[in-house]
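Me: I should like to understand how the descriptive terms used for a structure are justified. May I put some questions to you about this one?

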Amino acid sequence: MIIPQISENLTRSGNISVPERCPLCGQETRLQDDDGVKVLYCTNPGCAAKKIKSFALFTSRDAFNIEGLSEATLEKLAEHHVIATYSDIFSLKYHRNTIVDMKGFGEKSYKKLQEAAEKAKKITPEKFIYSLGIPNIGLSTAKLIVKEYGSNIRKLLNLNAMELSSVEGIGDVIAEAYEEFFRKPSNIKLVNDLLYRAKVEIIESPLSASEKPAEGGASLAGITAVITGSLNHFGNRSELKDIIENAGGKVTGSVTKKTDFLINNDITSNSSKNQKAKELGVEIISEDDFIKKFSINV
DNA sequence: CTGACCAGGTGGAATTGGTG
DNA sequence: CACCAATTCCACCTGGTCAG
C-alpha cells in the first residue's frame, strides 16, 4: 500500500529523511524505485488509502452517521495518530490538544466532531453491520439479515453461512463472506472494542419490532418505486424511501420491468433512469403527483 | 473573501441472487 | 448456463459552510 502524503514529498523535494514506520499504522515502510521515481510503501496490506475508505464508510450517513467526519478529516486524524481503529473515533476527547492544533481546525470544529461522535454511539444493528464494511454487504442486505434474525447483536455476530443463505436475497457468496468476517480474530477484536471499549449501544431495530401496519393514507403494498433527482417535500431521498417502505412499498436503485413508478421532479431529464423508464414504459411521476396519488402525509 | 471540505446527489460498471 | 433484477461500490459533480 502506497503512502500518498509521503510519496508526494519525495517527488517534490527529492531526498528527505524517510520514516521507518508508517505514520498511519506504525508498521514498517519500504522505499521502492518505481520507474525512476522513489515511492514509499507501507508493508501493511490493510493500511493507508484502503483504511481511510473504510473509515469513511464507517462514519457515513447509512452507518454511524457522524457528521463532519469525511475522508479529508479522517486522513488528518490518522496522520496525527488520533485514529488507528474504528473505536478510536469515539475517544476524540483524549486528543483535544492535537486536534485543535491541526491545520484548519479550531476549538469549535473539535467540539462539533466530539459531540457528533458521542451522539452517534446509539445505532441500529443493521447500520452497525453495514458500518463494518463486509464485502458485498450493504445496508439492504444488512436489513434482510436483521429482519430475519432480530436485533440481538451476539446472535447476529454468530450466524453461520447456512443460516444466512436461507434468507431470501442472500446467496452463498454473501453468506460465506459474512461468516468469514466474524470468524477472523482481528475483526472479533474490532467489534468487541466498539461494544465494550467505545461503549457503542445497539438499539432495537424498527425492522425486528412487531410489524407496523401502514398508518393512515393509502397502502403502498406491492408497489416498487425508484427515486431520482432532488426532492422538495423531503430532506433527502431516504426520507421518502422510509415512508414508502413503512407503507409496505419497495424502493430500489435501478429501473427495471418490475418498477411501477420512477419518481422524478425533472420529467424531461435525459438521465439514464428516465431513458430506461421510457424504454420500458415505466410511469414517470413527479414528487407532487406521487404524494397526491397515494395521499401521503408530508 | 477565498479555498478547502462536506453533504447530498448522479450515473454506471461490476457483482450477486434467483429462475427457467 | 444464460438471463434479468437488484444491490454494491466507486468516481465524479455541485451548492453551502467555515477556518484562516
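Me: Which group of DNA strand C does a backbone N or O atom of G138 lie 3.0 Å from?

Reply: Please note that this is a predicted model. In it, a phosphate oxygen of DNA strand C lies 3.0 Å from a backbone N or O atom of G138. A polar contact requires a pair of N or O atoms within 3.5 Å, so the pair at G138, at 3.0 Å, is a polar contact.

Me: What makes the pairs of S140 and T141 with a phosphate oxygen of DNA strand C polar contacts?

Reply: For S140, an N or O atom of the side chain is 3.3 Å from a phosphate oxygen of the strand. For T141, the corresponding distance from a side-chain N or O atom to a phosphate oxygen is 2.9 Å. Both values are within 3.5 Å, and therefore both pairs are polar contacts.

Me: Which parts of DNA strand C supply its atoms within 4 Å of the protein?

Reply: Of those atoms, 88% belong to sugar or phosphate, and the rest belong to bases. On the protein side, 19 residues surround the strand, and N136, T141, S254, T256 and K257 are the closest. By class, this surface has 9 polar, 6 charged and 4 nonpolar residues. Helix α7 (139-149) is one of the elements that supply at least two residues, as are α5 (107-119) and β6 (250-252). The most comes from α7, with 3 residues.

Me: Why is the pair of D88 and R197 called a salt bridge?

Reply: The N to O distance between the two side chains is 3.4 Å. The cut-off for a side-chain nitrogen of Arg and a carboxyl oxygen of Asp is 4 Å, so the pair qualifies. The pair links distant parts of the chain, 109 residues apart: D88 is in the loop between α3 (71-79) and α4 (96-101), whereas R197 is in helix α11 (residues 185-197).

Me: Why is D88 called buried, and why is R197 called partly exposed?

Reply: D88 has a relative accessible area of 13%, and buried means under 20%, so D88 is buried. R197 has 48%; this lies between 20% and 50%, and therefore R197 is partly exposed.

Me: How do you know that K189 and D193 form a salt bridge?

Reply: Their closest N and O atoms are 2.9 Å apart, which is within the 4 Å cut-off, so the pair is a salt bridge. Both residues lie in helix α11, 4 residues apart, or about one turn of the helix. K189 is exposed, because its relative accessible area of 52% is over 50%. D193, at 16%, is under 20% and so counts as buried. These two residues, together with D88 and R197, are linked in a network of salt bridges.

Me: Is K121, which meets E118 in a salt bridge, buried or exposed?

Reply: K121 has a relative accessible area of 15%, under the 20% limit, so K121 is buried. E118, at 37%, falls between the two limits and is therefore partly exposed.

Me: What makes β6 and β8 (283-285) the edge strands of their sheet?

Reply: The open sheet has 4 strands in the order β6-β5-β7-β8, with parallel pairing. Strands β6 and β8 each pair on one side only, and they are the edge strands. From one strand to the next, the twist averages 35°.

Me: How do you know that β5 (residues 224-227) and β7 (residues 261-263) pair?

Reply: Pairing needs at least two bridges, and these strands have 3, in the parallel sense; therefore they pair. Within this pairing, I227 stands opposite I263 in β7.

Key
Residues numbered from 1 in each chain as written. Chains lettered and ligands numbered in written order. Predicted model: local features only at pLDDT ≥ 70, side-chain atom pairs only at ≥ 80, totals over all residues. Heavy atoms only, no water. Near = heavy atom within 4 Å. Polar contact = N/O pair within 3.5 Å; in protein donor to acceptor, adjacent residues only side chain to side chain. Nonpolar A, V, L, I, M, F, W, Y, C, P; charged D, E, K, R; others polar. Buried < 20%, exposed > 50% of the residue type's maximum accessible area, 1.4 Å probe, protein only. Axes fitted to C-alpha atoms, helices over the stretch in contact; angles between N-to-C directions.
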